[in-house]
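Let's take a walk through this one together. Have a look at the sequence and the model first, and then we'll start with a single strand and work outwards.

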4 protein chains.
Amino acid sequence: MVSRNIELKGHIIDSLILPRVFEKIMNLNGEFNVVKFDIGKHKTDESHAVLEVIGKNENHLDDIIHELHVFGAFEVKPREIKIEQVQKDRVLPDFFYSTTHHPSQCFYENSWIEVQNPEMDCAIVVNKEEKNAKCVKISNIKKGDNIIIGIDGIRVIPPPRSRKKEVFEFMSSDVSTEKPLHYLIKNIAKEIKEAKGGVVVVSGPAVVHTGASDDLAELIRNGYVDVFLGGNAVAVHDIEHSLFGTSLGVDIETAEVKKGGHSHHLYAINEIRKIGSIKEAVNSGLLKKGIMYECIKKAIPFALAGSIRDDGPLPEVITDVMEAQNQMRKLLKGAKLVLMLSTMLHSIAVGNMLPSTVKTICIDINPTTVTKLMDRGSQQTLGLVTDVSSFLTILKSMLIAN
Amino acid sequence: MVSRNIELKGHIIDSLILPRVFEKIMNLNGEFNVVKFDIGKHKTDESHAVLEVIGKNENHLDDIIHELHVFGAFEVKPREIKIEQVQKDRVLPDFFYSTTHHPSQCFYENSWIEVQNPEMDCAIVVNKEEKNAKCVKISNIKKGDNIIIGIDGIRVIPPPRSRKKEVFEFMSSDVSTEKPLHYLIKNIAKEIKEAKGGVVVVSGPAVVHTGASDDLAELIRNGYVDVFLGGNAVAVHDIEHSLFGTSLGVDIETAEVKKGGHSHHLYAINEIRKIGSIKEAVNSGLLKKGIMYECIKKAIPFALAGSIRDDGPLPEVITDVMEAQNQMRKLLKGAKLVLMLSTMLHSIAVGNMLPSTVKTICIDINPTTVTKLMDRGSQQTLGLVTDVSSFLTILKSMLIAN
Amino acid sequence: MVSRNIELKGHIIDSLILPRVFEKIMNLNGEFNVVKFDIGKHKTDESHAVLEVIGKNENHLDDIIHELHVFGAFEVKPREIKIEQVQKDRVLPDFFYSTTHHPSQCFYENSWIEVQNPEMDCAIVVNKEEKNAKCVKISNIKKGDNIIIGIDGIRVIPPPRSRKKEVFEFMSSDVSTEKPLHYLIKNIAKEIKEAKGGVVVVSGPAVVHTGASDDLAELIRNGYVDVFLGGNAVAVHDIEHSLFGTSLGVDIETAEVKKGGHSHHLYAINEIRKIGSIKEAVNSGLLKKGIMYECIKKAIPFALAGSIRDDGPLPEVITDVMEAQNQMRKLLKGAKLVLMLSTMLHSIAVGNMLPSTVKTICIDINPTTVTKLMDRGSQQTLGLVTDVSSFLTILKSMLIAN
Amino acid sequence: MVSRNIELKGHIIDSLILPRVFEKIMNLNGEFNVVKFDIGKHKTDESHAVLEVIGKNENHLDDIIHELHVFGAFEVKPREIKIEQVQKDRVLPDFFYSTTHHPSQCFYENSWIEVQNPEMDCAIVVNKEEKNAKCVKISNIKKGDNIIIGIDGIRVIPPPRSRKKEVFEFMSSDVSTEKPLHYLIKNIAKEIKEAKGGVVVVSGPAVVHTGASDDLAELIRNGYVDVFLGGNAVAVHDIEHSLFGTSLGVDIETAEVKKGGHSHHLYAINEIRKIGSIKEAVNSGLLKKGIMYECIKKAIPFALAGSIRDDGPLPEVITDVMEAQNQMRKLLKGAKLVLMLSTMLHSIAVGNMLPSTVKTICIDINPTTVTKLMDRGSQQTLGLVTDVSSFLTILKSMLIAN
């Protein structure tokens, strides 16, 4: 029998971390003693626990501690990280440590250093000279990179569940459709105001099809959006709407299918191709309104990622998905709140890139999409099963005085 | 080989009736000759076709003509209806004719008479003295009633698909979530105004849970609702909301779960039971606002049907479901437009009672509910997959100037 | 400032009870000291905590303790229950205690007595002579009943989360569609075998429409079902299938719409009405197979509850919903495992009547139905979003050797 | 007032084409005379109609005829196609004709020539020397290509609705969940046998997550799959399953979350990267079973398209989406039946590339996905809302004797 002491800090009771730690140890047939246990009694107090974890042998104990580390457990006497060098671009050494989406630290040369760019499913590359570490995707790994192996010296810091009454707390347990909607949107409006400077919108084409693109454009014009992410489709239909008044050939004002309307989205793409880019189309006066128009006018950075189902695509669309990921990743730095509007593909893609500290709000008429995003498990995620058009209309009226 | 001539009248081309008739004859291995075929060339013209239908023998021909009658086909030389008398309450003679939900006529003593109270899955009872006929549910059949047997002498008149551009036409083909929503609600508002005097609302409790009951109450107060149908739940939670500000214990303004809130709906029921009835609760001043309050203040007739999942129930709830059906049936006379709000059970129940000439609009966040109601196949049915709370907020703002 | 000591016992850590208690106290602006805290370290150990709960005054303290009692917290020095007499049938005294769905005890004449028939949203009636107490629905309350008022002397015992590895544990956190299905069904088969004698099936008509009624009938014939609950529809279509080979007019073998098929369900009802009852139809040899046939042959008790959307209904259907509830309640005594098959209405109704100790498994193709049932929050509930027909086919093959 | 005669041929009555033509003319405020109308009276007969279409002026008449051409209407006296040359790669001339997904012909130098590679949303490139024409995507257009402008000389041939009784006919009207499932799968098995040599499977990762990958692998091994299409995820999790027994870290046999399982999919990618390719992993003996293994062993051509949400990706994944489209397009030549398994993204992508003559079957637990694919409107599309795991288990047992 061997044992090591681990520590847990923070809101470990009401974030349900401690019970999960106890359960995990028991499920793995380990044992434990509570060495120290200070419970925070006020909303702002943190708790602090020290447990002696007992395993049958070193291997067993390692396994247990490995599983506990995702809850933020860390050894009282931390060990140095182990490092191995990459032999070939985009190929990692065996047993590389793969990251969670939580902020993390690693114990290197006797001190804890912060792991930069926290993102899920990455390797951690250590820069020995600069004594720093950062998350890097497998596709961006280069020969010679120093990679952390195993979990020795890794400390994960799951964000606490916020104790102030807020909209995220309300919805934390489930995705439901029978909730007071106006209350929720009012609070989302408040969150958006508070996150000013770090508001990212990820949008699918349904925003245009349902007639909500004017509302979204107005939000951009009024400075409520700092980064815009999407695919080819949302931009194509937005431009179709701006040039022809239709989306997929359907007139947004009258819901009529327009004569020859099924060609409109191709004609929209072709117009932009003729002039060279969306940006040029705005500058030349061809494009006079819409989501993309406002992004360019306000110099809001945007990224449009290609997908296998694209027509065209538009010139600005990045057809290589790994390049598109890197571009989105860059734009997501500084994100404080991400609004995901009716797109499963791009929402999951963006969700995967975000650290668990960023608030995300997912709006979709399809409960499956909302559930999938909520499953990813941040306590900072709010899912709303509702029509994106009504949502944006009501949100706009709450943010912008008419 | 035997044959008989059948006629088809009306918008049989663009209501897709003629193609279906041709197909049905071929599927049943019959043959046909087109005797006459006048196509309406303008939007308001009717078409008229006479077909000679050919079967292998009388039985085969009868089978074919039976299947065609639901499309409105009727024999050029009509036969008298066959009648048989009921021997025992609630038990019908064999081979009784079971009705469609379309308006129908029967050929009795050499003339066509209208079948009253058109409703699906009924028997037709003929009153020989008064020379009239009406649809009656099996549960209301009495010993001595004269029942139509077989389909001889039955003519069904499926309502034409409207040729004017309208909201029902737009959505006729499918239930989609990616449609211009504001356009649709604007047109629903118009339909409601046109149907004044015949507007029925069928509502589930989600209207209250999502915070939309104030909007619905305001629509009632302003005269936009003529009949209100629902179950125990919508009334209980409406009264809970009026008395305690909560729905299922959740504060509608703040989305907080209230202390002791899980008892509120039972306490609401008990308060009404103490005073004797919802009506008395309004008259005595206990109940001061809400859906039920407005119904009683405006003397809007309502029916609350019991269901197996009810708590309480409230005194006005009809716990015998057959009695409740009859009550709803009575209130549905004169219905022109039925708005079904977030209730599968009551929407299907009401849908079953309605003739195909009544327009129905179904609002639900759950696409399955909307699809099920649309499947029932009236061309006068519009399904909208959206949040009932946003829908009512926007509808109200379109109908009532602030 | 006032305080009282409360106790918590059982698997309060890994059932997440303790963290919720701490959080609740803090949310209500109370304070606490941990007086005693023994943590169970093995899977079978129970924990035991004593907390001193501190409120601003007696009222505040009462409010806090009220909210804590649903987690199983009870005062170290219990008080006697308060009792008041009912003045009028079906009307309760103010502030009556409304029950949870957990097993409970009440402190009467200085000792804890078990509350019988645990069920949610009931009042507790105390029999002073026999010194017992039981849950009674508001609709069954009689003048003279002695009712518990407030929460003094109430102790709730939430069932522990099972610590053995089992199918319920696996699915406890969410309703997902991307799980290894065969594994789950294999374990459900095992649970059914273990629950022999207490297996209840609640079924909707989709079981017949999708062609799964033969499989269900075979399960009944082989003794795997002890009680059958449903509505008119499942019985009507089962009998339609037995008599005509169709369900809603669609041939189950060939998926063809049968000639005159839309009348079959009415004809099925009428045949049973003619002969007087389903039972008589089996005994006379009219009904030769199917779900209802097997129930009657094996003398499986069943209850069919009427609903507002019923045709007919069949003679055995109980059209008064309060009476139907009482009948179902009676049949649910002794239930160990409830299988809910494709029916939202009856599943929720039955779910409401069950104490939290009974295992329930809900099968539905519609995720909304499954989510709604899971929301009710027993830790003994398993939801599976899948096709009921495949489910029953695979389940049958696992339970019955071919 | 001007007029031209148009012809319609084929099963224009029961394919509902004629009524739609009449309606369209009337909606566009045109008029018409029926010049000739021969109705096919037997299942195998074609109908033939000639209509004189009347417009207010040449422009109006052009507009009407434009809209009619998608129904297969063509002018009795065809005009030559108009052609314009491309000035710049990937930029089309104004008013280029954009294709439907139906087979088409164009009238060039006085004779009808078939348009090759029918696909939706393409331009038609005419090769003047070889006197042929083909559909080309905007992204593959080259400077110098001769493009058809307007609709003169275009004839579209919508495929007839099959008149033989078959599984596609059965489901043509809607996506329903309450259908006899075994009957449907039996008929899908028959269709797969008949389509031998042209069976394409498009699959998402849920096939692996739900434990169905062994069944799919067995279908491939037994020669029932001719082309395999998907994304990175299905291949990654298939390989994770083959190497570690898990999918997303969940053990497929026991449904347990494995220790360190969240890294398995990254480790699977890394193993393949180390060895260089999936093919090499099979050849070297590293990969011993699964979907990808069988594809490589049987030399089934496959394409894996990258997407913005990919981890890795695997070496064979094509990260440029336009290149991936072209690769899939190539593999889809010769497709007779496409089975779409639990993937919205790839199913829509593939659906967009297919001509309307190819049968498609879409299996998904999510009704929204099925509805979206059915909306694309081929009469050869069958949608089944069911669990992909049960579906494959039952399908396999019908195709392969145990």
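How many bridges join β8(B) to strand β9 of chain B, and do the two run parallel or antiparallel? Keep in mind as you look that this is a predicted model. There are 5 bridges between β8(B) and β9(B), the latter covering residues 132-136, and the two strands run antiparallel. To get the register, find B:Asn127 and look across: B:Asn132 in β9(B) stands opposite. The hairpin that β8(B) and β9(B) make has 4 residues between the strands, and that's where B:Lys131 takes a positive phi near 50°.

β8(B) has another partner too. Strand β10 of chain B, residues 146-149, is joined to β8(B) by 2 bridges, again in an antiparallel arrangement. For this pairing, use B:Val126 as your marker, since B:Asn146 in β10(B) is the residue standing opposite. As for cover, β8(B) spans residues 123-127 and is mostly tucked away, with 4 of its 5 residues buried.

Now hop over to chain D and pick out D:Ser203, which sits in strand β12, residues 199-203. Is D:Ser203 buried or exposed? Its relative accessible area is 1%, and buried means under 20%, so D:Ser203 counts as buried. Leaving aside residues up to four places away in sequence, D:Ser203 touches D:Leu216, D:Phe228, D:Leu229, D:Gly230, D:Gly231, D:Val234, D:Leu341 and D:Thr343.

Time to zoom out to a whole chain. Chain A has 402 residues, 65% of which count as buried, and its secondary structure comes to 14 helices and 19 strands. Along the principal axes, the C-alpha atoms of chain A fill a box of roughly 80 × 50 × 30 Å. Look at the contacts in chain A with a separation of 6 or more, and 67% of them come from residues 24 or more positions apart.

On the outside, chain A has an accessible surface of about 14500 Å², and carbon and sulfur atoms account for 48% of that. Chain A also carries 48 positive and 51 negative charges, whose mean positions are 3 Å apart.

And how confident is the predictor? Chain A averages a pLDDT of 89, with 93% of the residues scoring at least 70. Over residues 169-175 of chain A, though, the pLDDT is below 50, and this stretch has 23 contacts in the model beyond near neighbours in sequence. For the complex, the predictor gives an ipTM of 0.91 and a pTM of 0.88.

Key. Residues are numbered from 1 along each chain as its sequence is written. Chains are lettered from A and ligands numbered from 1 in the order in which they are written. This is a predicted model: local features need pLDDT of at least 70, side-chain atom pairs count only at pLDDT 80 or more; totals for chains, interfaces and linings use all residues. Side-chain values use heavy atoms; hydrogens and water are left out. Buried means under 20% relative accessible area, exposed over 50%, partly exposed in between (1.4 Å probe, protein chains only). Two strands pair if DSSP finds at least two bridges between them. pLDDT is the predictor's confidence in each residue, from 0 to 100. Contact means heavy atoms within 4.5 Å. Accessible areas come from the Shrake-Rupley method with a 1.4 Å probe; for residues, only the protein chains shown count as cover. Lys and Arg count as positive and Asp and Glu as negative; His and the chain ends are not counted. The place of a charge is taken as NZ of Lys, CZ of Arg, CG of Asp or CD of Glu.
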